[in-house]
Amino acid sequence: MTTLTDGQVERFVVADKRRFSWARCREDIAPFITRHVTWRALAAGDIRSKYRRTMLGPWWITATNAITALIMGTVAGRFLGADMKTYLPHFMVSMTIWNFISSSLSESCYTMINAGGMIKAVDMPILIHIMRMVQRNLIIFLHNIAVIPFIWLVYPWSIGFGSVLALVGLMIVYVFVVSASIIVSMICVRYRDVPPVMAAVLQLLFFISPIIWEPSHIRGGEWAVTLNPIAYLLSITRGPLMGNVPNLATWAGAIGVVAVLTAAMVYIYTRYRSRVVYWA
């Protein structure tokens, strides 16, 4: 039998779990660092399990990406009348980065939904399930990016010390992917109609982002680059790799987008983390 006092205490406990505080924020986000061995090991196990008993193992990822990108890049370049010496490296680098972003956001729609049974049965931080998915896609990305040196051997372009900035750009992209994946996962586990909408949004972003086309070739559609956060993320990673260091405005735009998204992620995750077990 529950007394009035017990009911009031229970309401206070529930209200406290829903309240945002920096102490709860640090406690909820801590598994990103303290449990990194767990989600990294789980992601590596996923990759090994998928390519078990194959001749090339995970390097099938690299081979598949190389074949697909070369065919698409060649066909698209011919249709656009572009010089393959400049277009194919642009397309390969852009497509590799975009695949990491899109695959992570696409899989995040179902990460918590598919892990619903484990979330209810095992006392494990929810963040681990999302980081496992992001780490798995990061491993695939690292295999895919191995194609770029071979493209450089065929169509060499100038590379300077500014290429080191690509590592900084990739770190910013990684933070973006983690923050966006957590937000999307939290929304999709609550509202199951969002995943199809997310698929449509990703398809739209692919066409309005400078992946199959170059920003210098558009006329009258500059807004697609100015207002598109993906364009900034591609620029700060692709630019240094291609020997073109982005200007400060591009860096500021990318960092600003990621900072706002990360702040939103911290608030949403801390505020609604305790409810995921009921939604999953």
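How do the axes of helix α4 and helix α8 cross, and within what distance do they come? The structure examined here is a predicted model, in which local features need pLDDT of at least 70 and side-chain atom pairs count only at pLDDT 80 or more, whereas totals for chains, interfaces and linings use all residues. Residues are numbered from 1 along each chain as its sequence is written, and side-chain values use heavy atoms, with hydrogens and water left out.

Two packed helices are described by the angle between their axes and the distance between the axes. The axes of helix α4 (residues 36-50) and helix α8 (residues 126-144) come within 8 Å and cross at roughly 50°, which makes α4 oblique to α8. Helices here (H or I, at least four residues) are DSSP runs numbered from the N terminus, as are strands (E, at least two). Axes are lines fitted to C-alpha atoms, for helices over the stretch in contact, with angles running from 0 to 180 degrees between N-to-C directions. Angles under 35 degrees count as roughly parallel, over 145 as roughly antiparallel, 65 to 115 as roughly perpendicular, and the rest as oblique. The crossing of α4 and α8 is right-handed, a term used if the near helix is turned clockwise from the far one by less than a right angle, whereas an anticlockwise turn is left-handed. Helix α8 also meets helix α10 (residues 165-190), the axes coming within 10 Å and crossing at roughly 140°, so that α8 is oblique to α10. The crossing of α8 and α10 is right-handed.

A search of the whole structure finds three salt bridges (a side-chain nitrogen of Lys or Arg within 4 Å of a carboxyl oxygen of Asp or Glu). In one of them, Asp-46 pairs with Arg-132, with the closest N and O atoms 2.8 Å apart; because Asp-46 lies in helix α4 and Arg-132 in helix α8, this pair ties together parts that are 86 residues apart in sequence. Asp-46 also forms a salt bridge with Arg-136, where the closest N and O atoms are 2.8 Å apart, and since Arg-136 lies in helix α8, this pair ties together parts 90 residues apart in sequence. Arg-136 in turn forms a salt bridge with Glu-107, the closest N and O atoms being 2.9 Å apart, and this pair links Arg-136 in helix α8 to Glu-107 in helix α6, 29 residues apart. Asp-46, Glu-107, Arg-132 and Arg-136 are thus linked in a network of salt bridges. Within this network, Arg-132 is partly exposed, with a relative accessible area of 23%, and Glu-107 is partly exposed at 31%, where buried means under 20% relative accessible area, exposed over 50%, and partly exposed in between (1.4 Å probe, protein chains only).

Helix α6 (residues 84-114) also contains Cys-109, which counts as buried at 3% relative accessibility. The C-alpha atoms of Cys-109 and Ile-182, 73 residues apart along the chain, are separated by 9.4 Å.

Helix α9 (residues 148-154) holds Trp-152, which counts as partly exposed at 33% relative accessibility. Pro-149 is likewise placed in helix α9 and is partly exposed, with a relative accessible area of 47%. The C-alpha atoms of Pro-149 and Pro-89 are separated by 9.9 Å, although the two residues are 60 residues apart along the chain.
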